[in-house]
Each structure stands twice: as structure tokens, then as C-alpha cells.
Amino acid sequence: MVGDYCSFSGDKTDMHSQRNSKNGLSCKMVLQAVGKVLRKSKTKPNGKKPPAEEKKQYLETEFTKIRVVDFDLKELVVLPREIDLNEWLASNTTTFFNLINLQYSTISEFCTGDTCQAMTACNTIYYWYDERGKKTKCTAPQYVDFVMSLCQKLVTDEEIFPTKYGKEFPNSFESLVKKICRYLYHVLAHLYWAHFKETVALDLQGHLNTLYAHFIVFVREFNLVDPKETCIMDDLSEILCAPAPPPAPAPAPSSPTSTPAPSSQNHVTER
């Protein structure tokens, strides 16, 4: 009996020690797992460290102060009383398409499949959706080519952008203008994000700043682009779209030093 008890007691001791070792191992594994999760929570979901936020050169005062014009752009976009709204939208949209296409062409040799493997702006990647709604990730030059080809097709379509007197605009005209403006905004955002250094090297930052500010004021005036779309560049928009400060008053001309007039009194000469 004693032997049996001792044997059973010994088995219980062994089982207890095994459970303790298993519990210790389980606790260790849990702590390791928790630590791993905490470490991952400080990084991106894929476990990679997020890249350091790049300094936005285009926000520096020495660049934002450079403009081509110094008057209030709001005056350029307000609908004139005698002009039809659709005519005004068509005219401005076509102009912006041509100007943004021209601005991009100045740096197109630097925007290649190797340098710009995705169409990016800030931390956003733009995907192209074809006519069937198929989502495609493409390089920046491919994306811009898709944008400009689509815009060219739309603005030259007489059924959508009529140029003949009496021709009516289609019911879908406003939605198509919004589509064009959204795509053109993507190109402008990419120019600042990926090619501002080249723009500065070409001394074209004043043209880009003026074009961007004019475009933003226009789309805001007629609600053509969702603010959720443009919010990634709000910091730049607020700077460039703010009314230009009034010019400093010219210093008053200094009055010339007056020379005392000769005395009119008669001088008496002693003889």
C-alpha cells in the first residue's frame, strides 16, 4: 500500500512538474506572440517599417511665392452674366486640358516606367479603370497617356462638346466634365509629388503654381471635383489659393531740401 501510494504520489509529482513546464512554455509562447503583434502594430500591416515622410519641397515659401500672375484668380472663374453655364464649363475644361497636357510634356522625359512605376501622389496610388470597369495598375506615363487620350476624345467629340451654334449639350455633359477634371487633378498632383524638382530645374514652378491654383479655384467654384479627391494636396491648395497679399505701399518721396531765399531787404553801402 505504501509502495503503491509512493508510486502514485511520485506520478502526481511528475505530472505536476510536466504541467508546470507546459504552462511555462505556453506563457512564454503567448508573451512572444503578444510582443510580435505589438512590434507589428508599429509598422505597416505587412510588417515593413513605414517609410519616413518625405519633405514636401513644393510647400517651401521660396517656391510657393512664385506665380505668373498676382491678381485674384476668383475673378477669372466666375460665370459671366451673358455666358451659358455649359459653354463656360466647356471652354474652361478644354483650356485646362491643353495647359495641363503642355505642363506635363515639359517633364515627360523624366516620367518613365522605371522612375514612376505607379501613378502616385502623396501616399495615394491611382489605378486606371477601363470602360468595362476593370481596375488596372499601371505606370505613371501609361496612366497619363490614358488620361490625355480620354480627354482628347471627349473634348473633340462634337456630340459632347458642341462648337456649332444652336447645338445642345448632352444630359451627361456635367458628369463628363467632372470625370475629366478628376483625372486632370491626378496629373497635377503627380507633377508636384514626383516631378517638382525637375520643374524647378526648368524654372517652370511659377507656371505650375499658377495653373494649379487656377484649376483648384475653378473646380471649387462649380463643385467639379469631390473634396475627398483633392484633400491629399489641401496644404498646397490653401497656400496657393489664398488671396495674394496687397503690394507694399511705395515709400513717400522725400521732399527736397529747400534753399533759403535771399533776403529781399536793401543793403546799404557805406561810402
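Here are some notes on the structure above, which is a predicted model.

1. **Overall make-up.** Let me start with the big picture. The protein has nine helices and four strands. Read from the N terminus, the order of elements is α-α-α-α-β-β-β-β-α-α-α-α-α. Of the 271 residues, 30% count as buried. The exposed area of the protein is about 18900 Å², and carbon and sulfur atoms supply 55% of that area. Among contacts with a separation of 6 or more, 71% are between residues 24 or more positions apart.

2. **Helix 7.** Helix 7 covers residues 205-221 and has 17 residues. At 1.5 Å a residue the helix should span 24 Å, and its end C-alpha atoms are 24 Å apart, so the expected and modelled values agree. How many of its residues are buried? The count is 14 of 17, so "mostly covered" is a fair description because buried means under 20% relative accessible area.

3. **Two positive phi values.** These are worth a look in your own viewer. Most residues other than glycine have a negative phi. Asp203 is not a glycine, yet its phi is positive at about 60°. Asp203 sits in the loop between helix 6 and helix 7, and its relative accessible area of 58% makes Asp203 exposed. Asn223 is another non-glycine residue with a positive phi, near 50°. Asn223 follows helix 7 and belongs to the loop between helix 7 and helix 8. With 58% relative accessibility, Asn223 counts as exposed.

4. **Aromatic pairs.** Searching the whole structure gives 13 aromatic pairs. One of them joins Phe96 and Phe215 in an edge-to-face arrangement, with 5.3 Å from centre to centre and 85° between the planes. This pair links distant parts of the chain, as Phe96 is in helix 4 and Phe215 in helix 7, 119 residues apart. Both Phe96 and Phe215 are buried. Elsewhere in the aromatic inventory, Tyr126, Trp128, Tyr143, Phe146 and Tyr183 form one cluster.

5. **Phe161, a loop residue.** Is Phe161 buried or exposed? Phe161 is buried, because its relative accessible area is 4%. Its place is in the loop between helix 5 (140-155) and helix 6 (173-201). Leaving aside residues up to four places away in sequence, Phe161 touches Ala90, Thr93, Thr94, Leu154, Val155, Phe173, Val177 and Ile180. For Val177, which is 16 residues from Phe161 along the chain, the C-alpha separation is 9.8 Å.

6. **Salt bridges.** Side chains of opposite charge can pair when their charged atoms come close. The structure holds seven salt bridges, and three of them may interest you.
   - Asp130 pairs with Arg132, with the closest N and O atoms 4.0 Å apart. Asp130 is partly exposed at 25% relative accessibility, whereas Arg132 is exposed at 75%.
   - Lys153 pairs with Glu131, with a closest N to O distance of 3.9 Å. Lys153 lies in helix 5 and Glu131 in the loop between strand 3 (128-129) and strand 4 (135-136), so this salt bridge ties together parts 22 residues apart in sequence. Lys153 and Glu131 are both exposed.
   - Glu238 pairs with Arg220, and here the closest N and O atoms are 3.0 Å apart. Because Glu238 is in helix 9 (residues 234-240) and Arg220 in helix 7, the pair ties together parts 18 residues apart in sequence. Glu238 is partly exposed at 48% relative accessibility, and Arg220 is partly exposed at 41%.

7. **A nonpolar surface patch.** Which residues form a nonpolar patch on the surface? They are Leu79, Ile83 and Leu85, with about 200 Å² of accessible area together. Ile83 is in the loop between helix 3 (74-77) and helix 4 (85-105). At 32% relative accessibility, Ile83 counts as partly exposed.

8. **Thr230.** A last residue to inspect is Thr230, in helix 8 (residues 227-230). Thr230 counts as buried because its relative accessibility is 11%. Not counting residues up to four places away in sequence, Thr230 touches Tyr185 and Val225.

Technical notes: Residues are numbered from 1 along each chain as its sequence is written. This is a predicted model: local features need pLDDT of at least 70, side-chain atom pairs count only at pLDDT 80 or more; totals for chains, interfaces and linings use all residues. Side-chain values use heavy atoms; hydrogens and water are left out. Patches are made of residues with over 30% relative accessible area and no salt bridge: like charges are joined within 9 Å, nonpolar side chains (Val, Leu, Ile, Met, Phe, Trp, Tyr) within 5 Å. Accessible areas come from the Shrake-Rupley method with a 1.4 Å probe; for residues, only the protein chains shown count as cover. A salt bridge is a side-chain nitrogen of Lys or Arg within 4 Å of a carboxyl oxygen of Asp or Glu. Buried means under 20% relative accessible area, exposed over 50%, partly exposed in between (1.4 Å probe, protein chains only). Contact means heavy atoms within 4.5 Å. The expected span of a helix is 1.5 Å times one less than its number of residues. Rings of Phe, Tyr and Trp (its six-membered ring) pair if their centres lie within 6.5 Å; planes under 30 degrees apart count as stacked, over 60 as edge-to-face and the rest as tilted.
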